[in-house]
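Please read this briefing alongside the sequence and the structure shown below. It is arranged by topic, for use at the bench.

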Amino acid sequence: MKLKDIERTANVAWSPKSHYPIHLAAGTAAQQLDASFSTNAALEIYSLNVTDPGPDMQLVSSVPSDHRFHKIIWGSVGSEPGSGTIIGGCDGGLIQIYNASKLLKNEDALMGRQEKHSGPVHSLDFNGFQQNLFASGAANSEIFIWDLNNIATPMSPGAKCQPLEDVLSVLWNKQVQHILATTFSSKCVIWDLRKNEPIIKLTDTVSRVHWKVVAWHPEVATQLCLASDEDHSPIIQLWDLRFATSPLKTLENHQRGILSMAWCNDDSDLLASCGKDNRILIWNPNGSQPNGEVLAELAKTNQWNFDVLWCPRNPALIACPNFDGHVSIYSLMGGKTQQIQTTNKIADSFPGMDGYMQAPVPQQQVVTVSVDLAKPPKWLKRPVGASFGFGGKLICFENDKAAVAHTLQNVQPGQQPPHIPRTVQISQVITEATLVKHSQELEKALEYGNFAEYCINKMEETKDQHQKTIWQYLRASFEANPRVELLSLLGYNIESINNKLNQHVGTELNHNVNGLSDDFANMNRLDDFAQLDNQIHEKKGPSEPLKIKTTDDTEGLVTQALLLNNIEAAVALCLKAKKYADALIIATTGGPDLLARTQHKYLEQCEGYISSLISAVVSEDWTSIINNCEVSSWKEALAATLTHASDEDLPGLCEQLGDRLTEESKRNPKLMQDAQLCYLCAGSFDKLVNSWSQNRVTDTNKMQQLIELMMLLQKAVERQGRRVQVSGALADLLTRYAFLLVSQGELTTASAYLGTSHDQKISTLRERIQVALGQKQSFGNQHDYQNQGRRSSHKQSFSQSYPGGPVSGNTNPFNTPNQYSSIPPVNPPQPAQFNTGLPNQSTTQPWQPQPPVPAPSFSPAPPPLTQPPRPGSVGSSHGGISSRSKYVLDPSVSSGPSYGVSAARGFPPPIDAPMPNSSLSSNTPYFVPPLAASGHVPAPMNPTPLNPVAPAPSPAAAYGAPLPPPPKQTELYAAPSGWNDPPPLSSRPSKAEPKPEAPPSDPITHPLYGAGYPTDTYGNDIPSQPPPSMYNPAMPPQPYQQPPGAAFPPPTGNFAHQSNFQHPGSFPAPGSTFPPPVTGGYDIGAMSRNAVPPQVAQEAMPRAETPQHVQKPPIPQEHEELKRVFDKVRERCSDAANNPQTKRKLEDVARKLETLYDLLREQKLSPKTLDSLHQMVQLIQGGDYQSGLGLHTQMVSGPDFAQIASFMPGLKVLLQCAIQLQVYLR
Amino acid sequence: MVSIINSIDTGHEDMIHDAEVDYYGLRLATCSSDNSVKVFDIKSGVQTLIDDLKGHFGPVWQIAWSHPKFGNLLASCSYDRKVIIWKEHQRKWAKYYEYANHDSSVNSVQFAPPEFGLILACGSSDSSISILSYNQGTNSWDAKKIQNAHAIGCNAVSWAPAITPLFGNGEGDQKPQLIKRLVSGGCDNLVKIWREDGDRWVEESKLELHSDWVRDVAWAPSVGLHRYTIASCSQDRRVVIWTSDDCLNWHSTILHTFDDVVWNVSWSLNGNILAVSGGDNKITLWDQNSEGVWQCISDVAKGQGQINN
């Protein structure tokens, strides 16, 4: 398309490639006249001005010239660096040399004139390699080679060609610097300047050609094109000097003689030509079409274009001077534009007058259609690229030019090109190796549970004083009495202060104080003020007779009030008289309300900080202290708060103090650090994050530090029994951190940090990770945007707006926590998916939306999976990150309905996300029809292969008559016992059809329960009970506190009980040699037969097994087993331990165990915890320490954490030691 | 460490011009001068060709994946002046929408951040930029055009992340409006920032520094930073990092002047690493050190490289 236009009849030259911005030099063309017959001449420079939308080019400078130009060239070498040299060829053999820099500045730029030629200098060309050399051609076969450094003495490339003719063009070879092509009307002569002689002459005797112009191939040194301006044979011939007898190819399309031609330096598949047919054509001279491949007709003009020039810097641009008095700039890139209307001024003035005797064509508006090259130019072809993908992937591709060229070089035209492999590389980029390392350490610490130790290490590692302090404070949170520790960090060591106080106060005062309180006690008993008065007087010693004044002064009035028992008035009078002590004492008799008011009034009138303190102590309102104290007294305020505030108020108050400090920190930045300590005490994640990273943490080290802090703080807060809501700044931080881990390819770890928060950012990222890990189907796969359009709202989070398809109700659980509180996703059969140890101990998987599975998987026969685990998570259930991320709690469900039998009916069955059962995608499956109704248990559930120990033969006998059908139920039961083991996965292969009687109509129900739950164990009375409750049938409905992860402990706990409960023939000996997958079936069977609920069974347990402890109260007998086993393991470990470090660890374990025993003695542990502990003992006895660790993780993620935090680390270390030392009780 | 996971012979019969993985990193799309687009499943390091999309009649320059919330859509643009949006249905891809309203090669396509809806920007050699928005109500695509965005042609477009400006961050205020912005680069050597203003797109900034065609522009994803960062690369062998706090005043830093033209710049998803691909087939990774100075951290050759921090 035509881009720009200059109204000049001029020979032009583009500025060289190195020159920026692009300019065009235009020298008034010789042999041309305009309407004014002016013979003036000028050399002008125009700026391309491409960004200006109009067609005009800006005239930068203009110098008049005495001579008109036949040819101009612009080279990059000049006396001054930068702009180069412009050379013009003129009539009479004149060559003018201009300094382009000066020209651009409109200064006198003419550097030299040489008149060595004899006729008009038609052609000029700069050498591409030595830019100081240029060649010129003129009449009489004259060719000169000039050196800009020595312009006076040009040299000749060799003897003049005979006969003497005009040299029509000269052109340096593009590849070999000493080769020069020249054309004469009948021949083309190639010169070798090293030899100073012509090395080849090309002539075509077949066609009647007149070689006007030559063009070298930009890449192939031996190829050139010759164009003929002969109207009878307006052809371009492609020659190869290696086969110089005839042209390789003839390009035929011009209808009249060709005036100029240029080969594009940037794409050798592009050759531009213009001719007397007014057309500008773009060819592919390398194309395979016999007559030449025309890629585009760039323009059709009204007059001849007498030259065509590629812009060296912008290969899409071509300049064409035209005899109609315009120089046009065309862009090869398409785009429709209105053809600029031009008028032929010569024609206007002198109709019929025309330099080349051509009748002027009547001007008309021509609308050009957009012209594109039939084949894209090379410069559009991106050869190389790299992009990033989710998970730190780098996707690279490149065009191996060398290989391609090599392959293609040997290909003859027309031949099928050989296959070149076009490859894309996908790589993993890890840039933050340290971060990954630190992150792993943190995870380990979180898993290990030695938080205080971690804090101490951090404290020691860091050099930053503030950091040290922070870690110190954090460590305090893990001490037995955090508040005391914090106080002492604040400089208030309770003991030393008490000592100090005692010194000052002395015992006597103490005594008095006691006495006083006695008095008060007495006082309360007095009915009569007079008596009180009396007593006081008595106390004062020898009393004088008392006269009661009833005058009207204050005292008298008070007396009167007292006499009439108008306490209020008496108080008021005393206050008025500033007899505060009296007022307060009197008020005590007036009831708490009056007392409070009196105190308030007193404090109001008192001044001084002490009174504020007293006020706070009395009113238990610390807000005023916090808000009003001097900022510098923040420590005192914090100390007071720590001392007095209740657990509920403490965080708020500390936070308030922190806020104040933050506010003040604008004036005194140092206070920010103190504010952080307050936030730390408050457990205010958001504030701490914000304060820590006011300018957003970008540095990954800092982010890691902050995360470490946050994770530990979270643990600390959880230890206080508070739940951590991940939202706001913390969610933001976690998301960024997780995303950073993702970018290092640590997807699983990242997912663990994300927990189960419902924060939109978090759930979006979590979903993305899960899909990327293949744990979940992408939304895009299952859903149709059109459908979704109707209900999705853009404001909602992604997950909500990707409905999984027609039934989307439960596909977006992320955003609908409510849904879960009513329908807690109990997930017992899928322990492997729970996460612990990680930040918010949340589970990721249970929240997974159920992607609707393609139709085929809607099989009426439910997959008989008792523990349909996500393969990935099961596989990784041991050790490593994923093991840590197994058991997770979801806060939103933790307060779910109780476990009672009655409630159970409404319970969702333990739905397992990964189950291929597509029916899950609707809500209905959550409400499972009573199992009894279905009354079938798929036979396939036989887990025998999994639990070889499990008695394969049907324990039907054990069940007794009341237990109806399932012969295999016991084995099914066994499955849950393997809750921590991969076996469930392997149970898959045992794909069995549901029993014949299984009604196909309720396929949903039984797989959800995992057929393993023997519904009929308890008779039809509890038909729809969810599995967990099955295990605890007799348990009183207890608050269902520990939703997903918690589902396990109850059953397992019962197992533990059962193990103590010797059942004839079911197991060997109690607490002895169960393999880890304890086959609970026995117990259940036994239980159901005996109809003994667990508790009863417990009571019935043998009591004499354990030795009694002398010093302390005895551990309840049913828990003796715990002590026995734990101690035994510890002793064995201790014996086996061979390094002092381990021994020390075990000593610590002993201490922690003692804490446990104490708790047992005091019966301070919840039944759930006890159950779990028993189960752990069982596992230990079975030698399955891994499962024990899993259980540990599960326990510490439970709601009882605060209760058990004091000893659980000890159990963990114990288990780890046992593993490490290979200690087994068996 | 840059370590190769997978090397995929795409089977393309001509140069590859773009390779992009989807939102989850599970599928790879490639496009080539052989006029085709290929989609591979690359889950777990094994690649399977899912489909070979034929529908363009010229080299396909660029491809873009939509956010999965809109379904599995893939946009491709070609020298044949067309933009095609492909849609997957049961692992088969079919033409979903074709936009043929450009007058020259369409060089760049990119989907807007999903927050804005299903919107596609296309940059063309006809010097215009099209913004195609899917209208759910009518199940149709509306096209807006920025005419004369870049003289001689637009080479690249990239969307600004959907972040809210730092100002007006005050709580309780009504939610700050998300503003749609685009950056484009073209043959006029310019980098331009466009902002949607009502139903028009206006040129908000014009960044002049490059002295040759701007080959690629990439607006950095903003992970937690209320700061705008753009990378541009050019035929002038330079990569420039542009930063701004308000999208009005831009500060430029020349990342580096390379030995060859630079074709492609691409940010990591965190926006902290920039991959630069040059005409000499050199791919380098850059990040900012703690002093904020850009440094080359890796030379990637055939998908492999070391990380030097």
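What follows goes from confidence to the contact between the chains, and then to sheets, helices, annotated repeats and backbone details.

This is a predicted model, and the predictor gives the complex an ipTM of 0.96 together with a pTM of 0.65. In the contact between the two chains, 71 residues of chain A meet 82 residues of chain B, and strand 31 of chain A gives the largest share of the chain A side, with seven residues.

**Confidence in chain B**

- The average pLDDT of chain B is 90, and 94% of the residues score at least 70.
- Within chain B, confidence is lowest in strand 1 of chain B, where the mean is 89, and highest in strand 6 (residues 60–65) of chain B, where it is 97.
- Residues 167–173 of chain B have a pLDDT below 50, and beyond near neighbours in sequence this stretch has two contacts in the model.

**Contact between chain A and chain B**

- Contacts between the chains involve 71 residues of chain A and 82 residues of chain B, and the elements giving two or more residues to the chain A side include strand 29 (384–389), strand 30 (393–398) and strand 31 (423–429) of chain A, as well as helix 21 (728–743) and helix 23 (760–772) of chain A.
- Also among the elements that give two or more residues to this side are helix 24 (779–782), helix 25 (785–789) and helix 26 (798–801) of chain A.
- By residue type, the side of chain A that touches chain B divides into 29 nonpolar, 27 polar and 15 charged residues.
- Strand 31 of chain A also runs antiparallel to strand 1 (residues 2–9) of chain B, to which seven bridges join it, and within this pairing A:Val424 has B:Ile8 as its bridge partner.

**Two open sheets in chain B**

- One open sheet of chain B has four strands in the order 2-3-4-5, with antiparallel pairing; its edge strands are strand 2 (16–21) and strand 5 (48–54) of chain B, each of which pairs on one side only.
- From one strand to the next in this sheet of chain B, the twist averages 20 degrees.
- Strand 2 of chain B pairs with strand 3 (residues 27–32) of chain B over five bridges in the antiparallel sense, and B:Asp18 stands opposite B:Cys31 in strand 3 of chain B.
- Another open sheet of four strands in chain B follows the order 10-11-12-13, with antiparallel pairing; strand 10 (106–111) and strand 13 (140–146) of chain B each have a single partner strand, so one side of each is left without a neighbour in the sheet.
- The twist in the sheet with the order 10-11-12-13 averages 20 degrees from one strand to the next.
- Five bridges pair strand 11 (residues 119–124) of chain B with strand 12 (residues 129–135) of chain B in the antiparallel sense, with B:Ser133 in strand 12 of chain B as the bridge partner of B:Ile119.

**A helix pair in chain A**

- The axes of helix 42 (residues 1117–1136) and helix 43 (residues 1140–1161) of chain A come within 10 Å and cross at roughly 175 degrees, which makes helix 42 of chain A roughly antiparallel to helix 43 of chain A.
- Among the residues that make the contact are A:Leu1122, A:Phe1126 and A:Arg1130 of helix 42 of chain A, and A:Leu1146, A:Val1149 and A:Leu1153 of helix 43 of chain A.
- The residues of this helix contact divide into nine nonpolar, two polar and four charged.

**Annotated repeats**

- In an unreviewed entry, UniProt lists "repeat: WD" for residues 114–156 and 251–284 of chain A; in the model, residues 251–284 of chain A are 0% helix and 56% strand, with end C-alpha atoms 9 Å apart.
- For chain B, an unreviewed UniProt entry lists "repeat: WD" at residues 9–50, 53–87, 207–242 and 255–287.
- Residues 53–87 of chain B are 0% helix and 54% strand, with end C-alpha atoms 10 Å apart, while residues 255–287 of chain B are 0% helix and 58% strand, with end C-alpha atoms 10 Å apart.

**Backbone details in chain A**

- The peptide bond from A:Tyr20 to A:Pro21 is cis, with omega near -5 degrees, and A:Pro21 is placed in the loop between strand 2 (10–14) and strand 3 (23–28) of chain A.
- A:Gln162 and A:Pro163 are joined by a cis peptide bond with omega of about -10 degrees, and A:Pro163 lies in the loop between strand 13 (150–155) and strand 14 (169–172) of chain A.
- Although A:Asn278 is not a glycine, it has a positive phi of about 65 degrees; A:Asn278 is found in the loop between strand 23 (271–275) and strand 24 (279–284) of chain A.

Notes: Residues are numbered from 1 along each chain as its sequence is written. Chains are lettered from A and ligands numbered from 1 in the order in which they are written. This is a predicted model: local features need pLDDT of at least 70, side-chain atom pairs count only at pLDDT 80 or more; totals for chains, interfaces and linings use all residues. Two strands pair if DSSP finds at least two bridges between them. Axes are lines fitted to C-alpha atoms, for helices over the stretch in contact, and angles run from 0 to 180 degrees between N-to-C directions. Angles under 35 degrees count as roughly parallel, over 145 as roughly antiparallel, 65 to 115 as roughly perpendicular and the rest as oblique. Two residues are in contact if their C-beta atoms, placed from the backbone, lie within 7 Å. Ala, Val, Leu, Ile, Met, Phe, Trp, Tyr, Cys and Pro count as nonpolar, Asp, Glu, Lys and Arg as charged, and the others, Gly among them, as polar. pLDDT is the predictor's confidence in each residue, from 0 to 100. UniProt positions are given in the numbering used here, feature names are shortened, and annotations may be inferred rather than shown by experiment.
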